[in-house]
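Work through the exercises below with the structure open. Try each task before reading its solution.

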Amino acid sequence: MHLKTLTMRGFKSFASATTFEFEPGVTAVVGPNGSGKSNVVDALAWVMGEQGAKTLRGGKMEDVIFAGTSGRPALGRAQVSLTIDNADGALPIEYSEVTISRTLFRSGGSEYAINGSPARLLDIQELLSDSGLGREMHVIVGQGQLDRILHAGAEERRGFIEEAAGILSTAAGGKRRCGNSTRCRRTWPA
């Protein structure tokens, strides 16, 4: 499993549709201060279900919508789509390619979709829960989080590692996981 593309439209500083294409392996986004590097990381977290505006470096969720500039008006919605290569079947869904999208309207409405079909936040979270991209998203380490991980006690550090590995145990108070068993697989319309 690997991320294939990330497309942002109206998300933070990305007013126009912008697509990042990723290859398997390590990917780095580099650029000068103020170029939007952190916004790319925020978009990944947001499309995977992040609910905290502060985590996304904003005061309220509406702050993810392009606010406008002197030469360009504010937009009415933000949309992010993430396409994941699932040829190895790591995600519990019967598709070799999975696209998750999230749209937020300035009026306050929000929509999620999996492969173009309407979905709930819970559906997104369940789909990603066994992939190592779980709810706490320790795979995405943002500014300031590294210090928290390095200074964590043994039990908390164990929780970080288990969440990132997708093996959160029920004994530690975590959710029961399905792994890649077929009884937990879902079929979403194309």
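The model is a predicted one.

**Exercise 1. Work out the strand order of the sheet, and find which strands stand at the edges.**

Step 1. Trace the strands across the sheet. Six strands form an open sheet in the order β2-β1-β3-β4-β5-β6.

Step 2. Check the direction of pairing. The pairing is antiparallel.

Step 3. Look for strands with a single partner. β2 (18–21) and β6 have one partner strand each, so one side of each lacks a neighbour in the sheet. These two stand at the edges.

Step 4. Add the twist. From one strand to the next, the twist averages 20°.

**Exercise 2. Count the bridges between β1 and β2, β3 and β4, and β4 and β5, and find a residue pair for each.**

Step 1. Take β1 with β2. Four bridges pair these strands in the antiparallel sense. Thr5 has Glu21 in β2 as its bridge partner.

Step 2. Move to β3 and β4. Nine bridges join these antiparallel strands. Here Ile84 is partnered by Val98 in β4.

Step 3. Finish with β4 and β5. Five bridges join this antiparallel pair. Leu104 stands opposite Ser110 in β5.

Step 4. Inspect the turn. β4 and β5 form a hairpin, and four residues lie between them. Gly108 in that turn has a positive phi of about 110°.

**Exercise 3. Describe how each helix lies on the sheet.**

Step 1. Start with α1. This helix lies across β1, β2, β3 and β4. Its direction is at about 80° to β3.

Step 2. Turn to α2. This helix packs on the sheet and touches β3, β4, β5 and β6. Its direction makes about 40° with that of β5.

Step 3. List the buried residues of α2. Asp123, Ile124, Leu127 and Leu128 are buried. They sit on the same side of α2, because they cover an arc of only 120° around the axis.

Step 4. Recall the helix rule. An α-helix has 3.6 residues a turn, so residues three or four places apart point the same way.

Step 5. Find the cover. The buried residues of α2 are covered by elements including α1, β3, β4, β5 and β6 (117–119).

**Exercise 4. Identify the residues that touch the most other members of the largest nonpolar core, and the elements that build this core.**

Step 1. Pick out the residues. The core has 31 residues. Leu6, Met8, Phe11, Trp46, Val64, Val80 and Ile100 touch the most other members.

Step 2. Name the contributors. Two or more residues come from each of β1 (2–9), α1 (37–47), β3 (77–85), β4 (97–105), β5 (110–114) and α2 (121–128). The largest share, six residues, comes from α1.

Step 3. Follow one member outward. Beyond its neighbours within four places in sequence, Val80 contacts residues including Leu6, Met8, Phe11, Ala43, Trp46 and Ile100.

**Exercise 5. Decide whether Asn86 and Arg72 are buried or partly exposed, and list their contacts.**

Step 1. Locate Asn86. It lies in the loop between β3 and β4. Its relative accessibility is 2%, so Asn86 counts as buried.

Step 2. Find what surrounds Asn86. Leaving aside neighbours within four places in sequence, its contacts are Leu91, Ile93, Tyr95, Ser96, Glu97 and Val98.

Step 3. Locate Arg72. This residue is in the loop between α1 and β3. With a relative accessible area of 36%, Arg72 is partly exposed.

Step 4. List its contacts. Outside the neighbours within four places in sequence, Arg72 touches Ala15, Ser16 and Phe66. The side chains of Arg72 and Ser16 make a polar contact at 2.9 Å.

Step 5. Compare sequence with space. Arg72 and Ala15 are 57 residues apart in sequence, and their C-alpha atoms are 8.7 Å apart.

Note on methods:
Residues numbered from 1 in each chain as written. Predicted model: local features only at pLDDT ≥ 70, side-chain atom pairs only at ≥ 80, totals over all residues. Heavy atoms only, no water. Core = buried A, V, L, I, M, F, W, Y, C linked by side-chain atoms within 4.5 Å. Buried < 20%, exposed > 50% of the residue type's maximum accessible area, 1.4 Å probe, protein only. Contact = heavy atoms within 4.5 Å. Arc of directions from axis to C-beta. Pairing = 2+ DSSP bridges. Axes fitted to C-alpha atoms, helices over the stretch in contact; angles between N-to-C directions. Polar contact = N/O pair within 3.5 Å; in protein donor to acceptor, adjacent residues only side chain to side chain.
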